[in-house]
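Biologist: Before we start, can you put the model up? I'd like to go through the labels one by one and hear what backs each of them.

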Amino acid sequence: MNQIVFGTFLLSTVLLARAGLAASPLVVDLWPGKVPGDVGINSEESSRIHPSPLVGPTKLITNVSKPTLTIYQAAKEKNTGTAMLICPGGGYWDLYWELEGEEVAAWLNSVGITGIILKYRVPRRPGDVRGEPPLGPLLDAQRAVSLVRSRAAEWGIDPKRIGMVGFSAGGHLALATATSFQKRRYEPVDAIDEVSSRPDFAVLCYSGYLKAKDKDEISLGLEIPVNTPPILLTHANDDSEKVGGSNAENSAFMYIALKRAGIPVELHIYASGNHDFGVRQSEKLPSSWPQLSINWLRSLELLKPGPHSRKLSGTVSSIPMP
């Protein structure tokens, strides 16, 4: 199948799957009560349409003080038992909910993967260091991995096939979660926090905050344990902070650090493509990355149906915390 035909096929598949996302997804509160480590904000959660110069109008969500998981289960006949937590980007100020959330869930569903969008706390809180990743979203992400694993059987998921995919700031969040599982960054609140917060793999797209600002090394605070899970990184060479993006050196230096640490890692840097390409198919070179990631997932045997793939819970619009 040539590239043009494949691109048309994948676009059609994603659009059809996205149309199916209108069916009620599961929506789960991340925390049972007060959100740990959050000073709170005075504004109510809201959404708006952002006229992105790179991808056109797209929905953003902000003022999140009640983190949730939105679970789009793979169809029973396709379900592989693999699930991925989706971390939309937005500079830790907003969440690109449509471009890097719902569209990604539709793509994952099309290949038999359950897509779970993490609505983590944004924007940055008073006291957060400007220009540095805030701590709050990492607490949400650690909790999210443990929560999904604790309810894996209920949601038709293999507890050993729970990964993450993140975009821009969300890519940093996915990497931080994949490397910080040895120490939970908040005091446990219930039995869910006794479950491992280590994702089984992670995919990072045009990530920021991975490279130190003034040194050719990874950012201070990012460490790579020996049992860090396999990582896939993708970026465009012409991405730039000057237009609100992130330099490809973030992915390049993280690749080197992971490789030197002996962690299974794959890197794709496209000659062009800018920022915010998501999973949309276009004439841009990064349109091929979704298929490359499928090949990578297949190489890790994550697309083979497993015993947990036969179990799917009923569809409801909202379910309470256990």
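Modeller: Let's begin with Trp31 and Tyr186, which are both buried. Keep in mind that this is a predicted model.

Biologist: What makes the pair of Trp31 and Tyr186 edge-to-face?

Modeller: Their ring centres are 4.9 Å apart, and a pair needs centres within 6.5 Å. The planes of Trp31 and Tyr186 stand at 80 degrees, and over 60 counts as edge-to-face, so the label follows.

Biologist: Where in the chain do Trp31 and Tyr186 sit?

Modeller: Trp31 is in the loop between β1 (26-29) and β2 (46-52), while Tyr186 belongs to the loop between α4 (169-179) and β8 (201-205). They are 155 residues apart, so this pair links distant parts of the chain.

Biologist: Why are Trp107 and Trp289 called edge-to-face?

Modeller: Same kind of check. The centres of the Trp107 and Trp289 rings are 5.5 Å apart, against a limit of 6.5 Å. Their planes make 65 degrees, and the label asks for over 60, so edge-to-face it is.

Biologist: Which helices does that pair link?

Modeller: Trp107 is in helix α2 (residues 98-110) and Trp289 in helix α6 (residues 289-299), 182 residues apart. Trp107 also has Pro290 at 8.5 Å, C-alpha to C-alpha, with their positions 183 residues apart in sequence.

Biologist: How do you know whether Trp107 is buried or exposed?

Modeller: Its relative accessible area is 2%, and buried means under 20%, so Trp107 is buried. Trp289 also comes out at 2%, so it gets the label buried too.

Biologist: Which residues form an aromatic cluster with those two tryptophans?

Modeller: Trp107 and Trp289 are in one aromatic cluster with Phe167, Tyr206 and Phe277. Overall, the count is 8 aromatic pairs.

Biologist: What makes Lys211 a charge over the ring of Phe253?

Modeller: The charged end of Lys211 is 5.6 Å from the ring centre of Phe253, and the cut-off is 6 Å. Arg198 lies over the face of Phe181, at 5.7 Å from the ring centre.

Biologist: On to cysteines. How many disulfides does the structure hold?

Modeller: The count is 0. A disulfide would need two cysteine sulfur atoms within 2.5 Å.

Biologist: Why is Cys87 called buried?

Modeller: Cys87 has 0% relative accessibility, and the cut-off is under 20%, so the label holds. Cys205, also at 0%, is buried by that rule.

Biologist: Which residues touch the most other members of the largest nonpolar core?

Modeller: Leu69, Leu85, Leu118, Ile231 and Trp289, out of 77 residues in that core. Helix α3 (residues 136-150) supplies the largest share, 7 residues.

Biologist: What is Leu85 in contact with, beyond its neighbours within four places in sequence?

Modeller: Its contacts include Leu69, Ile116, Leu118, Ala144, Val145 and Val148. Gly163, Met164 and Val165 are in contact with Leu85 as well.

Biologist: And how many residues of the protein chain count as buried, as a percentage?

Modeller: Of its 322 residues, 57%. The chain comes to 6 helices and 10 strands. Among contacts between residues at least 6 apart in sequence, 79% join residues at least 24 apart.

Terms used
Residues are numbered from 1 along each chain as its sequence is written. This is a predicted model: local features need pLDDT of at least 70, side-chain atom pairs count only at pLDDT 80 or more; totals for chains, interfaces and linings use all residues. Side-chain values use heavy atoms; hydrogens and water are left out. A nonpolar core is a set of buried Ala, Val, Leu, Ile, Met, Phe, Trp, Tyr and Cys residues joined through side-chain atoms within 4.5 Å. Buried means under 20% relative accessible area, exposed over 50%, partly exposed in between (1.4 Å probe, protein chains only). Helices (H or I, at least four residues) and strands (E, at least two) are DSSP runs, numbered from the N terminus. Contact means heavy atoms within 4.5 Å. Rings of Phe, Tyr and Trp (its six-membered ring) pair if their centres lie within 6.5 Å; planes under 30 degrees apart count as stacked, over 60 as edge-to-face and the rest as tilted. A charge sits over a ring if NZ of Lys or CZ of Arg is within 6 Å of the ring centre and within 35 degrees of the ring normal.
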